[in-house]
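Got the viewer open? Here's a short walk through the model, one selection at a time.

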Amino acid sequence: MRLKKYYFDLISPDGTAMIVYSAQMQIGPMIIPYGAVLLQRNGENLVQSQRLSEAELMIHKDAIQVEHSDLSLHGIWEGGTSLQPQVLYSSSDGVIRWECLSLNACTEVHFGGDSYQGTGYAECTQITVPIWRLPMDKLYWGRWISDDGTSGLTWIRWEGRFPLSMAINEKGERFTASPIENGMRLGKTELLWKNSVVLRAADVSDSVLGRLSALHGLLPFRLRKMREEKYIASATLGDRPGSLLFEEVTWI
């Protein structure tokens, strides 16, 4: 199995949150392209749309353009700090590679006839480990961007047979990420959040496929046994206010 997944997000000053996915999964000779957008305007219900097609990506040094004609979506993630690619896991089963393409981008997205602006984040994950051999039972992930857009950080934490705890900021400094009540301890600093709102809480097979749920049986069994919870919140890192997106994924 091979999976290449691009993740993009945006949070606007009014609290509107958008997540965009573009991915390709290969299972034996079968290749499954995928694109999706999640949109939650402040105080409104989550809007989701999925397609069996990938976005067209134009990745440049200072900007990333995302065009998904089937979703009527066009976006640009401009500026921000990119981080060095990381091999998070390597064994005879395969590898997991991760790269933050922009930690704190200035972002504008056109979708559904409307335009959204704010701070955004972009990353790419590549997995060649079979789903049933993934080295974690629980995944914590998050990204925080300061309100002025000058600072940002992201973290990844795994629990299971290959524990991992990593956080990196815009300076490339690395910390251990440890969950605390309503927050995360990052080295000697605490990221504390409040007023968290659930963006989505569902089995991954349902949330990923949405109206394409008839294809449920095509997904590997362990992928069908994953549950995700995504949140948006306001958060402070030390004394710096910012916006936060984070998730917890559990294999059930």
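**Stop one: a small set of wall residues**

Start by selecting strand β19, residues 240-251: this strand gives the second largest cavity the largest share of its lining, three residues. Keep in mind as you click around that this is a predicted model.

Now add the whole lining to your selection: Tyr-7, Ile-19, Trp-141, Lys-230, Leu-245, Phe-246 and Glu-247. Colour those by class and you'll get five nonpolar residues, two charged ones and no polar ones. The space they surround comes to about 30 Å³. How many cavities of 30 Å³ or more does the count give? Two.

**Stop two: the cores**

Next, go for the largest nonpolar core, which has 38 residues. To find the members that touch the most others, select Leu-88, Ile-96, Trp-98, Leu-134, Ile-156 and Trp-158. Then show strand β2, residues 17-27, which supplies five residues, the largest share of this core. There's also a second, separate core of 20 residues, and Leu-10, Leu-39, Ala-55 and Ile-64 are among them.

**Stop three: His-68**

Keep Ala-55 on screen and pick His-68, which is in contact with it. You'll find His-68 in strand β6, residues 63-68. Is His-68 buried or exposed? His-68 counts as buried because its relative accessibility is 2%, and the cut-off for buried is under 20%.

To finish, show what His-68 touches beyond its neighbours within four places in sequence: besides Ala-55, these contacts are Gly-35, Arg-51, Ser-53, Glu-54 and Leu-73.

Definitions and conventions
Residues numbered from 1 in each chain as written. Predicted model: local features only at pLDDT ≥ 70, side-chain atom pairs only at ≥ 80, totals over all residues. Heavy atoms only, no water. Helix = DSSP H or I, 4+ residues; strand = E, 2+ residues; numbered from the N terminus. Buried < 20%, exposed > 50% of the residue type's maximum accessible area, 1.4 Å probe, protein only. Contact = heavy atoms within 4.5 Å. 1 Å grid on protein atoms, 1.4 Å probe; cavity = no way out; pocket = protein on both sides within 12 Å on 5 of 7 lines; lining within 4 Å. Points joined across faces, edges and corners; volume = space filled by probe spheres on them. Nonpolar A, V, L, I, M, F, W, Y, C, P; charged D, E, K, R; others polar. Core = buried A, V, L, I, M, F, W, Y, C linked by side-chain atoms within 4.5 Å.
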